Amino acid sequence: MQTILKIGTRGSPLALAQAQETQARLMAAHGLPQEAFEIVVISTSGDRIQDRPLSEAGGKGLFTKEIEEALLARAVDIAVHSSKDMPTQLPDGLELSAFLPREDARDAFVGKAAKTIADLPRGAKVGSSSLRRQALIRRMRPDLDVVMFRGNVQTRLRKLDEGVAAGTILAHAGLKRLGLGHVVTNLIPLDIFPPAPGQGAIGIETRIGDGDVEQMLAAIHDLPTGQALACERAFLAALDGSCRTPIAGHAVIDGADLSFAGLIISPDGTQSHMVEMKGPALDAARIGEEAARTVRARAGETFFDGWA
């Protein structure tokens with residue numbers, strides 16, 4: 001059968017699992033066989049750069065740049081991403097057209113020396129490449145040694161086995177999608193460890209105006225996830241959030257209502273400002289923008305100076 005849709009993705013096991021989930025949902029929604037789809041693996045700069053934090057190498061766009069170039073060049077028809085890896089500013093001609101139903105947005109602690117962060121011995125090493133997670137760990141336990149931990153999920157788990165760190169924090173959604181939920185030693189509550197905007201949600205990027213593709217994706221788009229992500233991404237965009245700024249944000253949709261909690265925190269975990277807002281889900285983006293203005297006013301314009 002002729003290929004109907006080419007799906008662009010990174011080559012990590014988690015990225016492939018997300019592309020395969022997208023493929024399976026499209027097959028079910030349109031009654032199409034697997035042969036109607038081709039998963040195209042694209043190597044990204046973020047995958048290749050492993051020796052330094054992304055904040056020093058160029059930020060979130062390193063995980064999307066080459067895939068978006070393939071999308072614009074029509075080498076692929078859609079791009080499947082972890083939404084938390086998506087920059088708030090997309091290249092001209094591209095848009096996020098659909099989101100799959102969101103998985104658990106919580107972070108999960110995977111410990112070798114202890115089951116929880118609280119139980120770790122003083123001075124224990126905890127690995128993470130996320131500035132948000134590093135800052136939240138330091139806020140909880142300033143006595144711990146937080147070390148940079150790059151690589152895909154399997155690489156980070158292997159580093160734990162090799163004793164590089166006593167524990168690490170990973171997105172519960174990713175572990176579940178990989179069938180690795182059993183490695184979790186503690187699920188961290190959202191109010192203690194708020195997630196990155198977009199965490200747990202698979203986003204699908206397309207060319208603007210590609211009507212046939214958009215029509216196919218409409219059948220698998222999850223409206224509540226899309227509304228939640230509109231709020232979270234608006235919050236992030238209004239704060240000019242990137243890999244250089246520890247920002248958390250999580251929106252919950254309950255029918256026609258939306259509730260949002262956002263956090264900005266200094267990298268050392270010593271200063272933080274929280275904001276909570278509610279409103280109609282139809283006003284998701286406006287609520288996110290208003291939350292950003294509110295928390296920035298509380299923190300002061302100089303809050304990000306020197307480290308953002």
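This text leads through a sheet of three strands, the helices that lie against it, and a number of side-chain pairs elsewhere in the chain. The model is a predicted one, and everything described below should be read with that in mind.

A good place to begin is the sheet, in which 3 strands are arranged in the order S11-S12-S13, with antiparallel pairing, to make an open sheet. Because S11 and S13 stand at the edges and each has a single partner strand, one side of each is left without a neighbour in the sheet. From one strand to the next, the twist averages 10 degrees.

The two pairings can be followed in turn. Strand S11, which covers residues 247-254, is joined by 8 bridges to strand S12, which covers residues 257-265. Within this pairing, alanine 248 has leucine 263 of S12 as its bridge partner, and alanine 251 stands opposite phenylalanine 260 in S12. The chain passes from S11 to S12 through a hairpin that has 2 residues between the strands, and glycine 255 in the turn has a positive phi of about 65 degrees. On the other side of the pairing scheme, 9 bridges join S12 to strand S13, made of residues 272-280, and these strands also run antiparallel. Here isoleucine 264 has histidine 273 in S13 as its bridge partner. This second hairpin has 6 residues between S12 and S13, and glycine 269 in its turn has a positive phi of about 80 degrees.

Helices lie against these strands. Helix H5, residues 131-140, packs on the sheet and touches S11, S12 and S13, its direction making about 75 degrees with that of S12. Helix H10, residues 284-299, lies across S12 and S13 and runs at about 150 degrees to S13.

The segments on either side of H5 are worth following next. In the loop between S6 and H5 is serine 128, which counts as buried because its relative accessibility is 1%, and buried means under 20%. What does serine 128 contact, leaving aside its neighbours within four places in sequence? The residues in contact with serine 128 are Arg133, Gln134, Val147, Met148 and Phe149. The last of these, phenylalanine 149, also has lysine 159 lying over the face of its ring, at 5.3 Å from the ring centre. In the loop between H5 and S7 is aspartate 143, which, when neighbours within four places in sequence are left aside, is in contact with Pro121, Arg122 and Gly123. Aspartate 143 and proline 121 are 22 residues apart along the chain, and their C-alpha atoms are separated by 9.1 Å.

The remaining part of the tour concerns charged side chains. Side chains of opposite charge can pair when their charged atoms come close. The structure holds 18 salt bridges, and a few of them show how such pairs can be placed along the chain.

One of them joins glutamate 21 to arginine 25, with the closest N and O atoms 3.2 Å apart. Because these two residues are 4 residues apart in helix H1, which spans residues 13-30, about one helical turn separates them. Glutamate 21 is partly exposed, with a relative accessible area of 21%, and arginine 25 is likewise partly exposed, with a value of 33%.

A second salt bridge brings together the side chains of glutamate 232 and arginine 102, at 2.8 Å from N to O. Glutamate 232 lies in helix H9, residues 223-238, while arginine 102 lies in the loop between strands S4 and S5, so the pair ties together parts that are 130 residues apart in sequence. Glutamate 232 counts as buried, at 0% relative accessibility.

A third salt bridge is formed by aspartate 145 and lysine 125, whose closest N and O atoms are 3.5 Å apart. This pair links distant parts of the chain, since aspartate 145 is in strand S7, residues 145-147, and lysine 125 is in strand S6, residues 125-127, which places them 20 residues apart. Aspartate 145 counts as partly exposed at 31% relative accessibility, and lysine 125 counts as partly exposed at 38%. Elsewhere, salt bridges that share partners join Arg10, Lys84 and Asp85 into one network.

Key. Residues are numbered from 1 along each chain as its sequence is written. This is a predicted model: local features need pLDDT of at least 70, side-chain atom pairs count only at pLDDT 80 or more; totals for chains, interfaces and linings use all residues. Side-chain values use heavy atoms; hydrogens and water are left out. A salt bridge is a side-chain nitrogen of Lys or Arg within 4 Å of a carboxyl oxygen of Asp or Glu. Buried means under 20% relative accessible area, exposed over 50%, partly exposed in between (1.4 Å probe, protein chains only). Two strands pair if DSSP finds at least two bridges between them. A charge sits over a ring if NZ of Lys or CZ of Arg is within 6 Å of the ring centre and within 35 degrees of the ring normal. Contact means heavy atoms within 4.5 Å. Axes are lines fitted to C-alpha atoms, for helices over the stretch in contact, and angles run from 0 to 180 degrees between N-to-C directions.
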